[in-house]
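The following exercises are to be worked through with the sequence and the structure at hand. Each task is followed by a solution in steps.

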Amino acid sequence: MSGAALRNRALLIAALVLLALPIAAAYLWLVLASFGRGHELTWGIFPTSYTTDNWRFLWDASAAGRDVPSVWLATRNSVVLAVSIMVLDVSLATNAGYVFSRWTFRGRGPLLAFVMVLHAFPSVTLLVSLFIVLLHMGLLDSLWGIVLVKVALQLPFGIFVMKGFFDSVPWESEMSALMDGCTRLGAYRRVILPQVMPGIASIAIFSFLEGWKEFLFVYAFTFDKSSWTLSLYLQSILSRTGGAQYGLLAAVAVFYMLPVVFFFLFAQKQLSRVQLGGVKG
Amino acid sequence: MWSPGALLLLVGAAACTSGPASGEPARDGTVTLTAWTIGPEPSSYTRKTNLVAGAERVNRALGAAGDRRRVALAVDFATTSNDAYGKKLVFAFASDNAPDIVCGGHELVGQFAAAGRLAPLDRFLAARPAFVADVFPVLWGSVRHDRRVYGVPQDNEVRVTYLRVDLLRRLGWSEAAVRGLPARVAAGDFTLDDLAALAEQAVARRVVARSSGIWHRTRTGFDWFELLLAYGGRLEDPATGRLILPRRATLDTLRLFDRLTDGGATPPGMMSYPDRTVYAGFVGGDVLAYLTGGSWHKLEWQHAFAIDDARFASEIIAIPIPAGRRGQPPVSVSHPFACMVNADAPDVELAFRVIERSLDPDLDIAHALGSSHLVVRRSSGESAAYRADPFLREMIGLLRFTHFAPNHTKLLRLQRILYDAIRGVEVGVLTPEEALDFMERVARARLGDDVVVE
Amino acid sequence: MARRRRIPRLRPWQLLLLPAAVLIALFYLLPAVVNLVLAFSDMDYTFDYHFVGGASLVRPLADPMFGVVLRNTAVYVVTTLTLMNVVAALVLAILTTEVPERVGSVFRVLWLLPRATPSVVYVLMWFFLLDPTDYGLVNRVAGSLGGSNYDLLTSHPWAVVVLMNGCVGASMGMVVFTAAIKSIPPQLIMAARVDGATAWQRIRHVTLPAIAWPVMFVTVYQTLSLLTSYEYILLSTDGGPFYQTEVLSLYVFHNAIADYELGYGAALSIGLMAIGTLVALIYWRVFGLGARSLPARIEVDR
């Protein structure tokens, strides 16, 4: 690599570092605070003394407060919710995006426009309407009702992203599979799908997150602490202390975010793996 | 009147409404009851344990009387915010998931009794004159709706202004002057103007930094009305039950905040301060006064900042909200916590008896002491155990100045309008007069005939 | 038996589309219809339905704050969209794909963190940065440079709101753009390198054209997302100071959820839907999304 290219690269990385600095500082504070004792900070960010007390909630349920369910129950619920949403959303959106990209049928254009317009409907008031719908379908007080709702709300995004990715797959690769005797669905599964893995990875990230972070629906539509997810767990700590227990709050927040970071790293790998082996044209 | 849900049945989805048929009296006489209560502060956990103890005592009484019924009570204690708890109740009542015993702020009476969700308790109370007479009479007014009683007060508190004793001393106050302050406030000899002047003096003499004279809460809430009351306003027309926006008292209140921010006593951006910063500032000794405090703050701060009783008493003093005009009485606002019975409870009488026994004087006192609340029974208030706590003794004395929020369904809206106006004045977007004008226009638009401007 | 034969056999594309269509119909479309029904009522927390005709629907016109709220909404959507959700996202996607993958993915994960952070904690972190007292990092830094304390949440509420939302919003564009950039056939990039194109020329002539569709999509999608998003504003400025950052979706929240005016809230949200629909249709035309997306690839003879 030439000197100019190296210098270019160094400049790019410097720009990235600069852009990320405030974010990195804020997260550093959060992680440090989860091991901090008391309220004082040195250098504006480091606790004056350190402790692991804030993390006791992991093995001692009462450390996070009375009548709070175990953090592991909440974690399990969060995983069930987020993974169910992700799997359903990815499979439904991929199939629908494929249809919109590769098939002509009556009403296709208006339908596509309609799917986009749906996104303009605010979930703020849909909260009340959804409550009424779930109530009459007997789907209240269970995480499954919330899974279906969240998938429906996520689908327009997924369909559009996937349609875009299918559009960019050259028709020739599908054609040659058909020549080889594949059915259309066979060609879809064996030839096309592997080429849109970056798209699948990106909608998987977002749908997983939507489930992982959901608070309002879980809070409003379930009535039992056995349905608590991590977001409710966190909220119950936040509101009762007037924000005084920053240490515990920070520890729970870090715990809440760790699985997502691992999930991201995994999904990132998915993205780059495809880049290397995927599109051959 | 029809439910929009009727339309939805067309969807054809299986309408297999779940939810266990709670509490049909079983063959063996067991009545299953559910109850929800909330802190959100963890120290109020006795709200739950008292109900459990009340159920045990009812069961013993039932056994002694040869009654074969027994109560099986499941209580849930929430620590999520009051606001979220209220929403949860709305959704729970609308979907028949509400508990049999509902505990929460007394305003829930105004909300759910009007909707027909609560059982009136008058006939049970009529049979217990001694119990009714022992509860502070002012409290019964807070659980009444449309001339019927729908709840039993469970605990009480008063709103106060907290001042830093150490900073008063640095301003040259003698010990006698500090300890005599509550009496002066009670006599109307120390007004809101005096408090503002004191804060300005503290800033001028650099006892506190600029904008660290008087701090206050940062969100909407009933607290803001206490200033209107302090300036002699009233909030409800008892004859018509309509809300009132008192022009003169409101303008005086808005002018007070204008003065506080202009004079450097209060930061213009106070309302955007994080809670923790506000508390750490006052309790940490950087700020002279916390205007919108409550009796429960003492224990909350003691826990959060590890301060014992002796240190608290030597550093911080509580006074009722000073009067707006000289010679007038100060005010306080109480927000009693109450327990109500769901109109659909399997056995309303038993539910009531559980609530009644959960207020036995020993339980009443244990909860008040453990959570820095006020007792609801006069006999508990006079007990040696309760009077041994000087702070709570003083607080219960403030009941003579106290007011309650009107149990009006649209109070929340008026509350937000007042909050917005004060915030507008503080940041300097509005003059007090403009803010009053804003309040009148928006109140008319959003509350219509439910509010009278006077 | 005869009956059974009359049920038409579903074609493969119908089978693939059906599950998504059913879910959207039941849990998106139906609630929207219910919302419409609510808008003709004065429903409150009792959930009793009283038909009041169009009374709620005309109330915004008499609402003294409605104009301010609309203007705020426009400011918020346009600023956040252009500065953060598209431009910052594009910069991030290009920068992180120009550097070695190992480095790039670290920065991408960092920028995805805000989206993964529970909103209450995310706002708490901003409060740590912006706290008006010495506790805040910004004031700490400013103090050590000899400055005095700033209360940015009060003095520059828009800057804070836009940055706060944008740092979450940028990651979506970043991920979608990155995926699109990575789908560019490597031989195209090779060819550009062989032709001796500079990095800038390569971005200009290879990368940007390849991500035109994602950029348009993100623009449309994020416009609608911003129109309906309120959570971070609620938790940070709560629309203040004094309506300076009160946007329409937050106004819906304050009315419908905080004050339980479900009927009026539903009416306001219909206004929001109407604006969103209008904006989406304008985009559809301006970007030629219809022409671009309509021809199904299978019909194209290449």
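**Exercise 1: A five-stranded sheet**

In this predicted model, chain B contains an open sheet of five strands with mixed pairing, in the order β2-β1-β3-β13-β6.

Task: Determine which strands of chain B stand at the edges.

Solution. Step 1: β2 (70–78) and β6 (151–155) of chain B each have a single partner strand. Step 2: One side of each is therefore left without a neighbour in the sheet, and these two strands stand at the edges. Step 3: For the twist, neighbouring strands of this sheet are turned by 25 degrees against each other on average, with direction ignored.

**Exercise 2: Pairing and helices around β3(B)**

Task: State in which sense strands β1 and β3 of chain B pair, and identify the helices that lie across β3 of chain B.

Solution. Step 1: Strand β1 (residues 30–38) and strand β3 (residues 101–105) of chain B are joined by two bridges in the parallel sense. Step 2: B:Ala35 has B:Ile101 in β3(B) as its bridge partner. Step 3: Helix α3 (residues 82–94) of chain B lies across β1, β2 and β3 of chain B and runs at about 145 degrees to β3(B). Step 4: Helix α4 (residues 107–114) of chain B lies across β3, β6 and β13 (337–341) of chain B, at about 130 degrees to β3(B).

**Exercise 3: The surroundings of β10(B)**

Task: Describe the sheet of chain B with the order β8-β10-β7-β11, and establish how many residues of β10(B) are buried.

Solution. Step 1: The sheet is open, has four strands and shows mixed pairing. Its edge strands are β8 (214–215) and β11 (316–319) of chain B, each of which pairs on one side only. Step 2: β8(B) pairs with strand β10 (residues 289–294) of chain B in the parallel sense over two bridges, whereas strand β7 (residues 159–164) of chain B pairs with β10(B) in the antiparallel sense over four bridges. Step 3: B:Ala289 in β10(B) stands opposite B:Ile214 and also opposite B:Leu163. Step 4: Six of the six residues of β10(B) are buried, so this strand is largely enclosed by the rest of the structure.

**Exercise 4: A helix pair between chains A and C**

Task: Classify the packing of α5(A) and α12(C) as roughly parallel or roughly antiparallel, and characterise the contact.

Solution. Step 1: Helix α5 (residues 143–167) of chain A and helix α12 (residues 212–228) of chain C pack at about 170 degrees, with axes 10 Å apart. Step 2: Angles over 145 degrees count as roughly antiparallel, and the two helices are therefore assigned to that class. Step 3: A:Phe157, A:Phe160 and A:Gly164 meet C:Trp213, C:Pro214, C:Phe217 and C:Tyr221. Step 4: The residues of this contact comprise six nonpolar, one polar and no charged.

Notes:
Residues numbered from 1 in each chain as written. Chains lettered and ligands numbered in written order. Predicted model: local features only at pLDDT ≥ 70, side-chain atom pairs only at ≥ 80, totals over all residues. Axes fitted to C-alpha atoms, helices over the stretch in contact; angles between N-to-C directions. Parallel < 35°, antiparallel > 145°, perpendicular 65-115°, else oblique. Contact = placed C-beta atoms within 7 Å. Nonpolar A, V, L, I, M, F, W, Y, C, P; charged D, E, K, R; others polar. Pairing = 2+ DSSP bridges. Buried ≥ 20, exposed ≤ 12 C-beta atoms within 10 Å, placed from the backbone.
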